[in-house]
Amino acid sequence: MSSQAASQQLLEGVRGLVFFGFPLHPPNKPGTKRAEHLAKVKVPMLFLQGTRDALADLKLLRPICRDLGSLATLHIIETADHSFHVLKSSSKTDGEVLRELAQTTASWGENLKIEA
């Protein structure tokens with residue numbers, strides 16, 4: 001994972017990391033061990049997560065992002081699973097969700113500070 005590499009040293013040319021469904025823990029086995037290295041990452045991180053992601057309990061991920069402070073941005077997709085498929089009741093299509101993910105990522109990336 002790029003975040004593991006970034007936690008050990010700055011990766012040349014990398015200005016930020018985007019996680020499309022950060023795999024915080026194995027399915028239905030909540031834990032935070034997989035996120036321990038993130039405290040050592042020195043670049044901004046965008047976490048795109050669904051509320052039904054079996055690999056990332058938001059009750060565990062939210063405090064991790066909060067502890068990372070300004071380096072972490074958490075964007076939640078209601079009713080999305082790990083593959084960002086949404087329930088029909090969400091009133092969104094999978095295509096709309098993919099556009100939201102792309103637009104969120106592009107906007108976030110445009111706002112990264114450029115270091116001189």
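This is a short talk through one predicted protein model, from its overall layout down to a few single residues.

Okay, so let's start with the big picture. What we have is a predicted model, so please hear everything that follows as computed from that model. The protein has 3 helices and 3 strands. If you walk along from the N terminus, the order of the elements is α-β-β-α-β-α. The radius of gyration is 14 Å, and the globule rule gives 13 Å for 116 residues, so this protein is as compact as a globular protein of that length. If you'd rather think of a box, the C-alpha trace spans about 45 × 30 × 20 Å along its principal axes.

Now for some totals. Out of the 116 residues, 36% count as buried. The accessible surface adds up to about 7300 Å², and 53% of that belongs to carbon and sulfur atoms. On the charge side, there are 14 positive and 12 negative charges, and their mean positions sit 5 Å apart. And here's one about the fold: take the contacts between residues at least 6 apart in sequence, and 69% of them join residues at least 24 apart.

Let's go to the aromatics. How many aromatic pairs does a search of the whole structure find? It finds 3. One of them is Phe19 with Phe22, an edge-to-face pair with 5.0 Å centre to centre and 80° between the planes. Both Phe19 and Phe22 are buried. Another pair is Phe22 with Phe47, also edge-to-face, this time at 5.7 Å centre to centre and with 75° between the planes. Where do these two rings sit? Phe22 is in the loop between strand 1, residues 17-20, and strand 2, residues 45-50, while Phe47 is in strand 2 itself, so the pair ties together parts that are 25 residues apart in sequence. Phe47 is buried, just like Phe22. Put together, Phe19, Phe22 and Phe47 are linked by ring pairs into a cluster.

Keep that cluster in mind, and turn to Leu38. Leu38 is in the loop between strand 1 and strand 2. Is it buried or exposed? Leu38 is buried, with a relative accessible area of 1%. Leaving aside neighbours within four places in sequence, Leu38 is in contact with Phe19, Phe22 and Phe47, and also with Ser3, Met45, Ile64 and Leu68. So that you can find the spot on the screen: Leu38 and Gln4 are 34 residues apart in sequence, and their C-alpha atoms are 7.7 Å apart in space.

While we're in that area, have a look at Ser7. Ser7 belongs to helix 1, which covers residues 2-8. At 12% relative accessibility, Ser7 counts as buried. What does Ser7 touch, once its neighbours within four places in sequence are set aside? The contacts are His37, Lys40 and Val41.

Over to helix 3, residues 94-110, where we find Thr104. Thr104 has a relative accessible area of 17%, and that makes it buried, as the cut-off is under 20%. Not counting residues up to four places away in sequence, Thr104 touches Leu46, Leu48 and His75. For a sense of scale, Thr104 and Pro63 are 41 residues apart in sequence and 21 Å apart in space, C-alpha to C-alpha.

Last topic: backbone angles. Most residues other than glycine have a negative phi. So which residues should we look at here? Asn28 is one with a positive phi, about 60°, although it is not a glycine. Asn28 is placed in the loop between strand 1 and strand 2, and at 67% relative accessibility it counts as exposed. Then there's Phe84, another non-glycine residue with a positive phi, near 65°. Phe84 is in the loop between strand 3, residues 72-77, and helix 3. Is Phe84 buried or exposed? Phe84 counts as buried, at 6% relative accessibility. That gives us two positive phi values in loops, with Asn28 exposed and Phe84 buried.

If you take one picture away, take the Phe19, Phe22 and Phe47 cluster, with Leu38 in contact with those three rings' residues. Thanks, everyone.

Definitions and conventions: Residues are numbered from 1 along each chain as its sequence is written. This is a predicted model: local features need pLDDT of at least 70, side-chain atom pairs count only at pLDDT 80 or more; totals for chains, interfaces and linings use all residues. Side-chain values use heavy atoms; hydrogens and water are left out. Helices (H or I, at least four residues) and strands (E, at least two) are DSSP runs, numbered from the N terminus. The radius of gyration is taken over C-alpha atoms; the globule rule is 2.2 Å times the number of residues to the power 0.38. Buried means under 20% relative accessible area, exposed over 50%, partly exposed in between (1.4 Å probe, protein chains only). Contact means heavy atoms within 4.5 Å. Accessible areas come from the Shrake-Rupley method with a 1.4 Å probe; for residues, only the protein chains shown count as cover. Lys and Arg count as positive and Asp and Glu as negative; His and the chain ends are not counted. The place of a charge is taken as NZ of Lys, CZ of Arg, CG of Asp or CD of Glu. Rings of Phe, Tyr and Trp (its six-membered ring) pair if their centres lie within 6.5 Å; planes under 30 degrees apart count as stacked, over 60 as edge-to-face and the rest as tilted.
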